[in-house]
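Trainee: I am new to this structure and would like to learn how its labels are earned. Could you walk me through the reasoning?

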Amino acid sequence: MKPKKIHTVKTIYEMCIEEGDCWNWNGYMANKSPYVNHNGVMQSVRKLLFTLIGREPVPQAKYYASTCGNPICVNPDHSTSRSQKAHSKFMGKIVNQSSVTRRLKLQINSRSRSTSKLTRELADQIFVDPRPSRAIAKDFEVSRSMVTNIKAGKSWVNLSAATNPWVGLL
């Protein structure tokens, strides 16, 4: 059986390429983040360095990231730890939530879930149904707000219906 490798700051540093102040990781990457097998367990390199140098992470730290903007930098001076809440807040600032591509991606992902009660055909039927929302919701076993959103073009948008001014007039 292969002996388990115990890393030190020196062994991690030897697996990096120094460029300026950054220690660019030259090893295994998972989810665009540097990882290493330490004592038989895959661990984040930044988290391991926090432990090895005795630096205290923030309480409930789950995310370890570089502060220099270089995703492969593992220099402890360029690393920070974040809780789930702080990380979500940070990501919310750097990701444009209102961009068209973001909205389309979210719409595609929500439609790909198999838990939906509606299909494209049922949504089209709701869109052209002239009855009150309450009656439609009861017949299709969906909420009134879902019916209202479909009719307003906020949910299940049919691009052909949106571009055809005669849809729903028959």
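**Aromatic pairs and cores**

Mentor: Gladly. By the rule used here, the count comes to two aromatic pairs. Keep in mind that this is a predicted model.

Trainee: What makes Tyr13 and Trp23 an edge-to-face pair?

Mentor: Their ring centres are 4.9 Å apart and their planes meet at 75°. A pair needs centres within 6.5 Å, and planes over 60 degrees apart count as edge-to-face, so both conditions hold. Tyr13 belongs to helix α1 (residues 9-14) and Trp23 to strand β2 (residues 22-25), so the pair ties together parts ten residues apart in sequence.

Trainee: Why is Tyr13 called partly exposed?

Mentor: Its relative accessible area is 34%. Buried means under 20% and exposed means over 50%, so Tyr13 falls in between.

Trainee: And why is Trp23 called buried?

Mentor: Trp23 has a relative accessible area of 14%. The limit for buried is under 20%, so Trp23 meets it.

Trainee: Why is the pair of Phe50 and Tyr64 called edge-to-face?

Mentor: The centres of these rings lie 5.2 Å apart, with the planes at 75°. That is within 6.5 Å and over 60 degrees, so the label fits. This pair links distant parts of the chain, with Phe50 in helix α2 (residues 45-52) and Tyr64 in strand β6 (residues 61-66), 14 residues apart. Both Phe50 and Tyr64 are buried.

Trainee: What makes the charged end of Arg82 sit over the ring of Phe90?

Mentor: The charged end of Arg82 is 3.9 Å from the centre of the Phe90 ring. The distance limit is within 6 Å, and the direction must also be within 35 degrees of the ring normal.

Trainee: Which residues make up the largest nonpolar core?

Mentor: There are ten residues in all, among them Leu118, Ala123, Phe140 and Trp156. Two or more residues come from each of α5 (120-128), α6 (133-140) and α7 (144-152). The most come from α6, with three residues. Leaving aside neighbours within four places in sequence, Ala123 is in contact with Ile150 and Trp156. A second, separate core has nine residues, including Trp23, Trp25, Leu48 and Leu49.

Trainee: How do you know that α5 and α7 are roughly perpendicular?

Mentor: They pack at an angle of about 80°, with their axes 9 Å apart. Angles of 65 to 115 degrees count as roughly perpendicular, so α5 and α7 earn that description. Ala123, Ile126, Phe127 and Val128 of α5 make the contact with Val147, Ile150 and Lys151 of α7.

Technical notes: Residues numbered from 1 in each chain as written. Predicted model: local features only at pLDDT ≥ 70, side-chain atom pairs only at ≥ 80, totals over all residues. Heavy atoms only, no water. Core = buried A, V, L, I, M, F, W, Y, C linked by side-chain atoms within 4.5 Å. Buried < 20%, exposed > 50% of the residue type's maximum accessible area, 1.4 Å probe, protein only. Helix = DSSP H or I, 4+ residues; strand = E, 2+ residues; numbered from the N terminus. Contact = heavy atoms within 4.5 Å. Phe/Tyr/Trp six-rings, centres within 6.5 Å; stacked < 30°, edge-to-face > 60°. Axes fitted to C-alpha atoms, helices over the stretch in contact; angles between N-to-C directions. Parallel < 35°, antiparallel > 145°, perpendicular 65-115°, else oblique.
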